[in-house]
Amino acid sequence: MMKISSKLTQALSKALSSLKFPSKEISLSPPNNSEFGDLSTSLALTLTKDLNQNPIEIATMIVDNLKIPKNLIDEVTVTKPGFINFKISKKYYHEILNEILNVKKYGSGNSGKEKRANVEFVSANPTGPLTIGHGRNAVLGDCIANILEWNGYSVTREYYYNDAGRQMRILSQSVEARYFEQLGKKFLFPEDGYQGTYIKNIAQSVIDKYGNKLKKDDARFLSEAEQSIFNDIKKSLSTLNIIFDEFVNEKTFYETGEIDQLLAELKNKDLIYEKDGATWFKSTALGKEQDRVYIKKTGEPTYRVPDTAYHKNKIDRGYDLIVDIFGADHMDTYPDVLLALNALGISTDHIKVLLYQFVTLMRAGEKVKMSTRKANFVTLDELVDEVGADVVRYFFIMRGMNSHLNFDIDLAKDQSEKNPVYYLQYAHARICNILKHADSKKELTDLDYDTNLLNHSCEIELIKNLEKFPEIIKSVHNSLEPHIISTYLHETANRFHKFYAECHVLTEDTNLSMARIALVKGTKIVINNGLEILGISAPEKM
RNA sequence: GCCCCUGUAGUUCAAUGGAUAGAAUAAAUCCCUCCUAAGGAUUAGAUACUGGUUCGACUCCAGUCGGGGGUACCA
């Protein structure tokens with residue numbers, strides 16, 4: 001069955017052409033005030049300039065020329081400034097409910113059918129445990145991957161990390177220092193060393209494994225640290241049900257020669273030069289304000305080089321869509337990556353870079369400045385232990401990524417019992433409970449349901465909400481803002497709880513009961529699907 | 001200094017340029033002989049400031065003032 005909104009859009013655009021009016025982008029949306037109807041359009045208002053006429057008159061002319069399916073529309077009105085409003089008949093909603101119950105995966109779309117997407121997220125270097133800041137990235141990325149899958153894409157979840165740079169060297173030196181310290185030998189802790197206790201634990205495990213035989217600069221300090229930290233990171237992610245398909249590291253691109261090749265190609269384009277003992281990328285030639293160092297005078301490339309090679313590699317792998325999820329601190333870095341690729345004639349139009357703003361952590365009303373190096377952070381594990389994976393996921397997804405959100409950890413602990421995610425889960429649990437009761441009533445088992453019996457305003461309002469779900473999935477695909485789903489599901493749960501309070505499902509009237517059970521099942525489908533996208537569990541009991 | 005985000009109820013956040021700006025918390029008051037009260041109903045409360053564009057602005061533009069992030073031969 002075709003959505004009523006697309007039917008109306010078609011009818012409106014036909015009316016425009018029959019009136020010889022200029023064609024316009026037609027948008028239909030539910031008005032804030034439901035007295036105006038279920039859908040309205042400002043089409044006539046946008047035509048006032050073109051036609052130089054009163055918008056009310058234009059609207060009236062459009063309505064007079066409108067051919068719409070009468071059985072699905074109760075009333076068409078023209079109001080104040082020039083809106084055209086449609087009141088949709090209950091019959092339409094009754095049919096929609098039937099569809100929700102019969103369609104395979106209600107809400108899923110096919111705009112990504114036969115397409116492949118790569119979502120790169122987390123990508124924290126293995127220098128310490130994941131923090132709350134990484135949590136926002138992790139949950140955001142996983143939800144975006146989910147939403148792409150719901151739109152038909154085949155998605156690769158990818159984790160990229162730098163394992164060749166300065167940070168890893170300092171990590172190694174930090175472990176080494178703790179190693180000698182714990183053996184009672186002389187040691188020198190690096191100036192910018194990692195001070196967390198996890199470093200001491202790693203040093204201890206090196207002692208347990210290799211005894212006191214290791215010398216300075218042994219490669220095993222790093223390999224042990226990397227392995228141990230990575231295990232912890234993977235464990236943390238798995239508590240949030242986040243599983244990656246690919247782990248890609250920087251070293252690979254040195255080994256495959258892709259970095260040398262990249263540099264050679266840029267040099268061919270005259271975009272590389274030497275100055276002060278370093279190698280520079282001539283980004284000013286491409287319109288940037290300053291050139292960037294590509295290879296330091298120590299001979300070590302800066303992160304831009306492997307990052308660029310990595311992105312070229314992703315493009316070469318032929319994805320239709322590449323999504324990068326970065327914290328706001330990467331604001332300045334990714335444009336250089338794209339710039340270099342564009343300079344080589346490589347299109348980056350299918351790369352979508354999402355920047356989320358930082359989480360400001362508050363503790364007892366005070367801002368906590370987090371630093372992995374200084375071991376001043378709250379780990380993701382601690383948070384998950386405190387409030388549970390569902391709450392953590394919901395918390396990170398319920399706000400737009402452009403919001404700088406304040407996270408008061410004490411408040412989160414205090415309020416975890418009345419966290420908004422329970423509102424959604426509770427609706428689901430209530431549904432399951434009703435269905436359980438219904439199953440035990442014999443008189444309900446062999447009846448068919450008739451959705452036409454649903455006429456209570458709470459019932460219709462609930463179906464109206466369910467009807468929007470596919471639209472929501474589509475809009476999140478375009479905006480890549482998963483919080484739209486959590487906002488929507490909150491409304492779904494709200495409509496359901498109202499319905500629950502007003503309309504008893506299991507009544508003396510078996511026909512009505514069957515119809516309401518159908519509605520409850522439809523609601524369950526939407527809540528289940530929505531929670532699945534957010535990666536949050538849908539409990540049957542609470 | 002320059003660049004990017006951002007400023008909405010006491011607080012944390014919503015709102016494809018549309019009509020009366022929504023929730024959640026915190027406050028006040030109601031509702032369980034009835035499928036789970038982790039719920040429902042009611043009351044009170046907000047677009048930082050000044051201009052501009054528009055039929056119409058929380059939304060777009062300019063400026064002012066505040067918050068965050070960048071501006072590295074760190075990532």
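Helices, α17 among them, are DSSP runs of at least four residues, numbered from the N terminus. In the predicted model, α17 gives the most to the lining of the second largest pocket, contributing 6 residues. This pocket has a volume of about 920 Å³. Its lining comprises 36 residues, and P30, D38, L39, Y93 and K464 lie nearest the centre. Two or more residues of the lining come from each of α1 (4-18), β1 (28-29), β4, α4 (90-102), α17 (457-467), α18 (469-479) and α19. By class, 10 of the lining residues are nonpolar, 13 polar and 13 charged.

Chain A is divided into domain 1 (4-88) and domain 2 (95-110 + 419-534). The centres of these two domains, taken over C-alpha atoms, are 30 Å apart. Both domains take part in the second largest pocket, each supplying at least three residues of its lining.

The largest pocket has a volume of about 1700 Å³. It is lined by 50 residues, of which N125, H134, Q167, D329 and H330 are the closest to its centre. The elements that provide two or more lining residues are α5 (132-150), α6, α9 (250-255), α11, β11, β13 (360-363) and β14 (366-368). Among the contributors, α11 has the largest share, with 4 residues. The lining of the largest pocket divides into 20 nonpolar, 19 polar and 11 charged residues.

The structure also holds 2 cavities of 30 Å³ or more. The volume of the largest cavity is about 70 Å³. Its lining consists of D307, H311, D324, F326, H330, T333, Y334, V337, L338 and V353. At least two of these residues come from each of α11 (304-316), β11 (321-327) and α12 (334-343), and α12 gives the most, with 3. The lining has 5 nonpolar, 3 polar and 2 charged residues. H330 thus appears both in this lining and among the residues closest to the centre of the largest pocket.

The second largest cavity has a volume of about 40 Å³. It is lined by L383, V387, V391, V392, F395, F407, A412 and N419. Helices α13 (380-387) and α14 (389-397) each supply at least two of the lining residues, with the largest share, 3 residues, coming from α14. By class, 7 residues of this lining are nonpolar and 1 is polar, and none is charged.

RNA strand B is surrounded by 68 residues, of which N162, K296, R399, Y426 and N433 come nearest. The surface near the strand is made up of 21 nonpolar, 30 polar and 17 charged residues. At least two residues of this surface come from each of α2 (43-51), β4 (83-88), α6 (166-182), α16 (420-439) and α19 (483-502). Of the strand atoms within 4 Å of the protein, 62% belong to sugar or phosphate, and the rest to bases.

Individual polar contacts involve phosphate, sugar or linking, and base atoms of the strand. An N or O atom in the side chain of K296 is 2.4 Å from a phosphate oxygen of RNA strand B. For R166, a polar side-chain atom lies 3.4 Å from a sugar or linking oxygen of the strand. The contact of Y500 is made through the backbone, where an N or O atom lies 2.7 Å from a base nitrogen of RNA strand B.

Terms used
Residues are numbered from 1 along each chain as its sequence is written. Chains are lettered from A and ligands numbered from 1 in the order in which they are written. This is a predicted model: local features need pLDDT of at least 70, side-chain atom pairs count only at pLDDT 80 or more; totals for chains, interfaces and linings use all residues. Side-chain values use heavy atoms; hydrogens and water are left out. A residue is near a molecule or strand if one of its heavy atoms lies within 4 Å of it. A polar contact is a pair of N or O atoms within 3.5 Å; within protein, one must be able to donate a hydrogen and the other to accept it, and residues adjacent in sequence count only if both atoms are side-chain atoms. Ala, Val, Leu, Ile, Met, Phe, Trp, Tyr, Cys and Pro count as nonpolar, Asp, Glu, Lys and Arg as charged, and the others, Gly among them, as polar. Domain bounds come from an automatic or database domain assignment. On a 1 Å grid over the protein atoms alone, a cavity is a set of points where a 1.4 Å probe fits but cannot get out, and a pocket is an open set with protein on both sides within 12 Å along at least five of seven lines; lining residues have an atom within 4 Å of a point. Grid points are joined across faces, edges and corners, and a volume is the space filled by probe spheres set on the points.
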